[in-house]
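Trainee: I should like to go through this structure and ask how each term applied to it is justified.

Mentor: Please do; each answer will set a value beside its criterion.

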Amino acid sequence: MSGRIVSKDAVKSNNGKRTTTLNSGDNNNNNNNNNNNNNNNNNNNNNNNNNNNNNNNNNNNNNNNNNNNNDNHNNININYNDNNYNDNNENIKVPLLSSFINNSNNYNNNNNINKNNNNNNKMVFKIEEEDNSDIFPSTNEDNNNNNNNNNNNNNNNNNGKELKKNTLGLIHCIAFSIGGVGPTTGILFVFPQIAMVAGSSVPFTLMIATLCCLSMSSTISTFGRYISTSSSFYSYVSEGLGKEMGFLTGWLMIIGYLTLSVQTVIQFSSTTADVISRNTDFHCPWIIAAAFVILFISALAYVGINPALKLSLILVIGETLVILVFTLIVVIKGGDQGNYPLALTPVGDYSGGVSGIARGLVYCVLVFIGFEVAATLGAETRNPKKNIPVAVVGSVVLTSAWMVWAMYAMVVAIGASNIFIISSINSPAETFARKYVSYWFSILVDLAGISSTFNVCTSAFNNLFRILYSIGKSDCNSVVNKLAITSKRFQTPMAAIIAFSTFVSLSLAIVASVWGIYTNNSWRIYGYLSYIGTIPLILIFIITNIAVIPYVKLKQPQDYQVFYHLILPLISAILFSAVLVGNFYPDVPQKPYSYLLIALGALILIGIIIMFILRSKKGLLEKMSFMIAHDGTTTSSNSITNRSASGPIDFNKHYNHDDITEYIPTTSSINTPKNNFIYDENFIDKSIK
């Protein structure tokens, strides 16, 4: 269907009585169009533009056979300020508006959509030239696609760019976050680092870190109640502090999580290689275990995140039981020097004092890194605005309680007076298990360590898969867009899986070629990556805590509470700022850490430069933020906030990148390479409401 294109400037009015009818669509629109009797509104569409479509015939391509015209359209009434004005002939074929207003819940398009709107808001459709190439074709195929989008279950993937909806529940989300924290990993591998500076006050230091992470989890929960998307912090900060800070937050996410993902693989592979080498005659290269974990987790993620999380849950339960038995036996036996309750306080002859506890907080935050990863499951979780916040807070509470107990047992095992020489003990947990239980039980402790590091890898990988998938939804570049391609069979982020697995493989190949394939050097690389990868995440936590304050105050004022949305986020931001400073003071980083910090600063600077480049292209950051936040499409069941849904809209195609004033999302039936559109987003939002 082709038609003549004309120009129209439409001015909204609260009391306006002039009406122009805009017509769009084709014979398969699913709206129940009822003529409204508005004051002095004369819609002369009885002869040519009758819509008697029935919503019950969503899949019938010929459901308009009884119409009396050749070209039926949806009627959209827009009020003007001219009284008693009859606009008989200005029929502008603009599918854009009908796409915004078309709702799967039988939305009535003939309502006066500007009722109760504020004065002086403008919406201008400016079409600068007539084009005979049918700029606005509206075909049966296009409208049938909309029909399918309205009626398909969320689990159906029609375009190869959507994750499987409603596939995860609360238990899956908790398992994902707990797996990301890896509590057994913290007990076995991070405890010695904390003890070296905090002394016997390791459990107390961990409790302070728990308060930091609980305050951060409160911020994530607040955002999670309104925003459910796989882009997590990017969308949170974009909504609170603007698109520029949102982009920088996304840039920090990429740097931090990519670095820590390589770190987790090295941790798993080095642990596995050490256990094999320690208990057999085979000197196992860590690169073998690394290749296994990359292939296995990637293959499992391709099939679906559900089986991956079920496996993680089973492994978490198993490793927790092993460590529980170990710690109970140690505490009951009294360890090396008897129980030491002062370990739960900041005092004692063997405490590291205020300075040592402050430095120990840096490592304690590293222990908790991963509790936030459940936020990236928003697009796949049932009732995400409830389950994601519960999972984030619940994972912090559960893991902190468990690790405080287990690390107290580790202090008892070594003895308070020996706490500062723990670095001289190779594999402390395995050594204590052999000493206080048995050799065979020490092997179980080793296996628990392998299990926990595997779970951390699983959470890290799946977290990155969804972050990269969200980046692919930005529609900013044809190459980047390919990251959003999903498996049509399993509805998993196939392209992101391939890209990330390739990146990790190449990174580990470089590490192996430079530092060797055995664990005598791999653990050193693990320490470097742990240090430099944690800093971007601490920055993200600080920024997100700040972002929640204006977001709730300005956009969710009905829920604003001073304690939860001002005081607590500020406390959290201050605590994480102190942790950040602890990375540089009082101990100034020495080589090679100083070089790593310079490299990190250079990467952040590159991100800032890219942000300004994107910002110079008017509307591009806004478009990217919208596309990423809505995972490329928005439906009534997957809206970024709790505002009224605008119906199924495909924002993923056809942007006028050359001469538009703002980037306008359009339906797949629109191709506008030569035209200029300007629209008021508030008008669309208010119209829908």
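Mentor: Let us begin with helix 6, in this predicted model. The buried residues of helix 6 are F233, Y234, S235, Y236, V237, S238, E239 and G240.

Trainee: What makes helix 6 largely enclosed by the rest of the structure?

Mentor: Of the 9 residues of helix 6, 8 are buried, so the helix is largely enclosed. The cover over these buried residues includes helix 5 (202-224), helix 7, helix 16 and helix 19. Helix 6 is followed by G242, whose phi is positive, near 105°.

Trainee: Why is E239 called buried?

Mentor: Buried means under 20% relative accessible area. E239 has 15% relative accessibility, so E239 counts as buried.

Trainee: How do you know that K555 and E239 form a salt bridge?

Mentor: The criterion is a side-chain nitrogen of Lys or Arg within 4 Å of a carboxyl oxygen of Asp or Glu. For K555 and E239 the N to O distance is 3.2 Å, so the pair qualifies. The pair links distant parts of the chain, with K555 in helix 16 (residues 519-555) and E239 in helix 6 (residues 233-241), 316 residues apart. K555, in contrast to its buried partner, is partly exposed, with a relative accessible area of 41%.

Trainee: Why is S625 called buried?

Mentor: S625 has a relative accessible area of 5%, and the limit is 20%, so S625 is buried. S625 is placed in helix 19 (residues 620-629). Not counting residues up to four places away in sequence, S625 touches Y234, S238 and K243. Of these, Y234 and S238 are among the buried residues of helix 6.

Trainee: What makes R615 and E244 a salt bridge?

Mentor: Their side chains meet at 3.2 Å, N to O, and the limit is 4 Å, so the term applies. R615 belongs to helix 18 (residues 593-616) and E244 to helix 7 (residues 243-279), and their positions lie 371 residues apart in the count along the chain.

Trainee: Why are R615 and E244 called partly exposed?

Mentor: Partly exposed covers the range between the buried limit of 20% and the exposed limit of 50%. R615 has a relative accessible area of 48% and E244 has 24%, so each falls within that range.

Trainee: How do you know that E380 and R466 tie together separate parts of the chain?

Mentor: E380 lies in the loop between helix 10 (353-368) and helix 11 (384-414), whereas R466 lies in helix 13, so the pair ties together parts that are 86 residues apart in sequence. The side chains meet in a salt bridge at 2.5 Å, N to O. Both residues are buried. The structure holds 7 salt bridges.

Trainee: Why is G472 called buried?

Mentor: G472 has 2% relative accessibility against a limit of 20%, so G472 counts as buried. G472 is located in helix 13 (residues 439-472). Leaving aside neighbours within four places in sequence, G472 is in contact with V480, N481, L483 and A484. The C-alpha atoms of G472 and I628 are separated by 7.9 Å, although the two residues are 156 residues apart along the chain.

Trainee: What makes I171, L313, I317, L321, L324, L328 and I332 a nonpolar patch?

Mentor: A patch takes residues with over 30% relative accessible area, and nonpolar side chains are joined within 5 Å. L313 has a relative accessible area of 31%, so L313 passes the accessibility limit. The patch has about 640 Å² of accessible area together. Its largest share, 6 residues, comes from helix 9 (residues 305-333).

Trainee: How are helix 3 and helix 9 placed relative to each other?

Mentor: The axes of helix 3 (residues 170-181) and helix 9 come within 9 Å and cross at roughly 65°. The contact is made by I171, H172, A175, F176 and I178 of helix 3 and N306, L309, K310, L313 and V316 of helix 9. The crossing is left-handed.

Trainee: How much of the whole chain is buried?

Mentor: Buried residues make up 58% of the 689 residues. The chain comes to 20 helices and 6 strands.

Methods:
Residues numbered from 1 in each chain as written. Predicted model: local features only at pLDDT ≥ 70, side-chain atom pairs only at ≥ 80, totals over all residues. Heavy atoms only, no water. Patch = residues over 30% accessible without salt bridge, like charges linked within 9 Å, V, L, I, M, F, W, Y side chains within 5 Å. Areas by Shrake-Rupley, 256 points an atom, 1.4 Å probe, with all protein chains shown as cover. Helix = DSSP H or I, 4+ residues; strand = E, 2+ residues; numbered from the N terminus. Buried < 20%, exposed > 50% of the residue type's maximum accessible area, 1.4 Å probe, protein only. Axes fitted to C-alpha atoms, helices over the stretch in contact; angles between N-to-C directions. Left-handed = near helix turned anticlockwise from the far one by under 90°. Contact = heavy atoms within 4.5 Å.
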